[in-house]
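The following account is intended for a reader meeting this structure for the first time. It should be read with the sequence and the coordinates at hand.

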Amino acid sequence: MAYTTSQPQPGGFLSRLGFGGKARSRKTAVAAEEMKRVQFTSPVLPYLFLFPQLAVIFIFFYWPSVQAVSSSFYLEDPFGFGSTFVGLSNYTDVIFSSEYQSIALFTAVFTVLVTFLSLSLGLLLAVKADRVIRGASTYKTLLIAIYAIAAPVSGLIGMMIFDQHVGPFVKMMSYFGWHMQVGLNYYDTAFAMTVVAVWKQIPYNFIFFLSGLQNVPVSVREAAMIDCRSGMRRFWTVILPLLAPTAFFLLTINVTYALFDTFGIIDVMVKDKPANNPVTLVYKVYADGFRGNDIGGSSAQSVILMIVVFVLTIFQFRFIERRVHYN
Amino acid sequence: MAAIDISSVGKIYNGGVRAVTDIDLDIKDGEFIVLVGPSGCGKSTLLRMVAGLEAISEGTVKIGDRVVNEVEPADRDIAMVFQNYALYPHMTVRQNLEYGLKNRKTPKAEIDARVAEAARMLEITQYLDRKPRALSGGQRQRVAMGRAIVRKPAAFLFDEPLSNLDAKLRVSMRGEIKRLQRRLGTTSIYVTHDQLEAMTLADRLVVLNGGKIEQVGSPLDVYHTPASTFVASFIGSPAMNLVKAELQGDRLAIGPSQISLNGYAPTSGAVTVGLRAEDLRVVSSAEGMPFTVEYVEELGSQRLAHGLVGDQAVTIALSGEAEITDSMRLSIDPSKLHFFDAETGRRLDVRAPATAVAAVAEPVA
């Protein structure tokens, strides 16, 4: 799997990606049982083998989390001269701040839009590319290539496209009477940000949807062709349900992407710009903590974010995965 | 139910590869046609062209009175059973059966009745609410057939439906398909590479080779008068012995030995002669062809002795109790010989000798 993300993922998740589903994970379980029977000469040895992985998880995940939770209860001196315990007031300050609320709302809208658009456009392109026969590999490579662009670079390219003076998109829109002011106008910036974020994520979704489509057995498609006249109806009733495992995986990845990985794009777009620009919660954590030196408030925000992600993950696996068919 | 008329149909793939050439086939209403041939002979391609899953490059296909070349598969009034079942894995058995009917806006009561009937016929009623993955191979194949039956189509198209089943199940499912087809009387085209399946199922066999029809006929016709060496070697188990021989007047020379033909000679010169393993007899007289046994296959009811006549491989089928010695002598009734052109492999018809001559031939057997 050359195209996995750097996101930490639940074990065995990728393997379920439409490549055999439950049967496969069952197989893994059997394999795991066999693994257990391996005899170690010393009882310490297995823990020694586990140590590097555990150390990484502990140092880069648990320790910072604990740090964040503990510092969220303190008011940190900006210059590092000690800290005062303030209880939950960091949290109440954040939650009842109207600025935070509007950023949270923007983040929600942004996440929904980016996830929905990049998933649906990726799927549309994959379905169309799946039908191409001549020059298929060139066509697919061209669609995938965008994924190789690093986030800040794509943010930069996006900036150029939406630039006040030289941006071709801005110029084009001005013919229609829309005078875009990215970086100044809240909604124009939000629009540009969403477009760039979606554009950046489409190739990723495209790759997975395409591989998912190619895993739908040809004979099942053909059986559907005989059973159902309308191609559209065939897509909704046969192809899409079989793509559901892929779509579910991508939904998780895309939500994470929209929430966290759009940081680079947002940074390029709003840095050095006036304050009235849309940012997401993650960006606010960064801005408050590292620009504003409000370590306590920033920690409280990141804890809230952690809880949101936790709830979201539970929701996804509990309620959506159940409806997903694993063949 | 309808007749299917395939006339001068050919298939050329992108890039100019020719898969099927000039096929003419008239399938009567209710007939069970089996397309048989080795892999790559174009039998599946032909079936898929009838189904509409493959564009027809040349010629026309008519189902009933309608030319269907440009008709969508869903509108051709056919149902297909695939080798790997091709069930919709996310639907229950019932939904699988209903899917084609729902898309055709069949009334709900009608759908329920048809599904219930098909399920009863195929004995899958207790599995209706299961997903295909919870079924065995044989059960899945029944569901696939059920999906075809509920549609009540003009024709069933079977694409090697039994190839994925184990040998025992294959035999019983074969019987079941035959029984169902008789009962429903639906025109069927069945593709297989298994000659035994072809023989047992077909009303008429179509033997294909290299994208062309080698022979069309009833299973026994094809077995007893194969039109070419290809058909002769493909139909029947063990395969017909094909040996090089020379016709010298009324005598046939196979290696060192000679057989008197009693007027059965079709031509003269070099020919390929076909001898069915079960037509060869062991004789004690010195007249017979000398046969050296190399090894014996025990089939229980039969013993197959593989060996050489001269330097050519020959197999003979003997009864289960027959004694086999290292070297034996064989004879054959000249009327049971099959002659093929040594060059083209086409059958050479024997001008039937006068009855008086035939009577003389009897003692030889």
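The model is a predicted one. A convenient place to begin is chain B, over residues 4-235. Across that stretch the chain is 37% helix and 25% strand, and the C-alpha atoms at the two ends lie 25 Å apart. In UniProt, an unreviewed entry gives residues 4-235 of chain B the feature "domain: ABC transporter".

The domain assignment divides chain B into domain 1, covering 4-230, and domain 2, covering 238-364. The centres of domain 1 and domain 2 of chain B, taken over C-alpha atoms, are separated by 38 Å. Contact between these domains of chain B involves 6 residues of domain 1 and 7 residues of domain 2. On the side of domain 1 of chain B that touches domain 2, 3 residues are nonpolar, 3 are polar and none is charged.

Two details of the backbone of chain B may be noted here. The peptide bond that leads from B:S237 to B:P238 is cis, its omega being near 0 degrees. B:P238 sits in the loop between α8 (229-234) and β11 (241-248) of chain B, and 238 is also the residue at which domain 2 of chain B begins in the domain assignment. The other detail concerns B:Y85, a residue other than glycine whose phi is positive, near 75 degrees. B:Y85 belongs to the loop between β6 (78-81) and α2 (93-102) of chain B.

Attention now passes to chain A. For this chain, an unreviewed UniProt entry places the feature "transmembrane region" at residues 44-63, 103-127, 139-162, 182-199, 235-260 and 300-320. Two of these stretches may serve as examples. Residues 44-63 of chain A are 95% helix and 0% strand, with end C-alpha atoms 24 Å apart. Residues 300-320 of chain A are 100% helix and 0% strand, and there the end C-alpha atoms are 29 Å apart.

How are the helices of chain A arranged against one another? Two packed helices are described by the angle between their axes and the distance between the axes. Helix α4 (residues 98-131) and helix α8 (residues 186-214) of chain A pack at an angle of about 45 degrees, and their axes are 7 Å apart. This angle makes α4(A) oblique to α8(A). Their crossing is right-handed. The residues of the contact of α4(A) with α8(A) comprise 18 nonpolar, 5 polar and 1 charged.

Helix α8(A) also packs against α10(A). The axes of α8(A) and α10(A) come within 10 Å and cross at roughly 160 degrees. An angle over 145 degrees counts as roughly antiparallel, and α8(A) and α10(A) are therefore roughly antiparallel to each other. The crossing of α8(A) and α10(A) is right-handed. From α8(A), the contact draws on A:A197, A:Q201, A:N205, A:F208, A:F209, A:G212 and A:L213; from α10(A), it draws on A:L243, A:T246, A:L250, A:N254, A:Y257 and A:A258. By class, the residues of this contact between α8(A) and α10(A) are 8 nonpolar, 5 polar and no charged.

A further pair joins α4(A) to α10(A). These helices pack at an angle of about 135 degrees, with axes 9 Å apart, and α4(A) and α10(A) are therefore oblique to each other. Here, too, the crossing of α4(A) and α10(A) is right-handed. Residues A:F110, A:T111, A:V114, A:T115, A:S118 and A:L119 of α4(A) meet A:L250, A:L251, A:N254, A:V255, A:A258 and A:L259 of α10(A). The contact of α4(A) with α10(A) contains 8 nonpolar, 4 polar and no charged residues. A:L250, A:N254 and A:A258 of α10(A) thus appear in the contact with α4(A) and also in the contact with α8(A).

What remains is the meeting of the two chains. Contact between them involves 16 residues of chain A and 19 residues of chain B. Helices α9 (218-227) and α10 (231-261) of chain A each supply at least two residues of the side of chain A that touches chain B. On that side of chain A, α9(A) gives the most, with 7 residues. The side of chain A that touches chain B has 9 nonpolar, 3 polar and 4 charged residues. Helix α10(A) accordingly takes part in the side that touches chain B, while also packing against α8(A) and α4(A).

Methods
Residues are numbered from 1 along each chain as its sequence is written. Chains are lettered from A and ligands numbered from 1 in the order in which they are written. This is a predicted model: local features need pLDDT of at least 70, side-chain atom pairs count only at pLDDT 80 or more; totals for chains, interfaces and linings use all residues. Axes are lines fitted to C-alpha atoms, for helices over the stretch in contact, and angles run from 0 to 180 degrees between N-to-C directions. Helices (H or I, at least four residues) and strands (E, at least two) are DSSP runs, numbered from the N terminus. Angles under 35 degrees count as roughly parallel, over 145 as roughly antiparallel, 65 to 115 as roughly perpendicular and the rest as oblique. A crossing is left-handed if the near helix is turned anticlockwise from the far one by less than a right angle, and right-handed if clockwise. Ala, Val, Leu, Ile, Met, Phe, Trp, Tyr, Cys and Pro count as nonpolar, Asp, Glu, Lys and Arg as charged, and the others, Gly among them, as polar. UniProt positions are given in the numbering used here, feature names are shortened, and annotations may be inferred rather than shown by experiment. Domain bounds come from an automatic or database domain assignment. Two residues are in contact if their C-beta atoms, placed from the backbone, lie within 7 Å.
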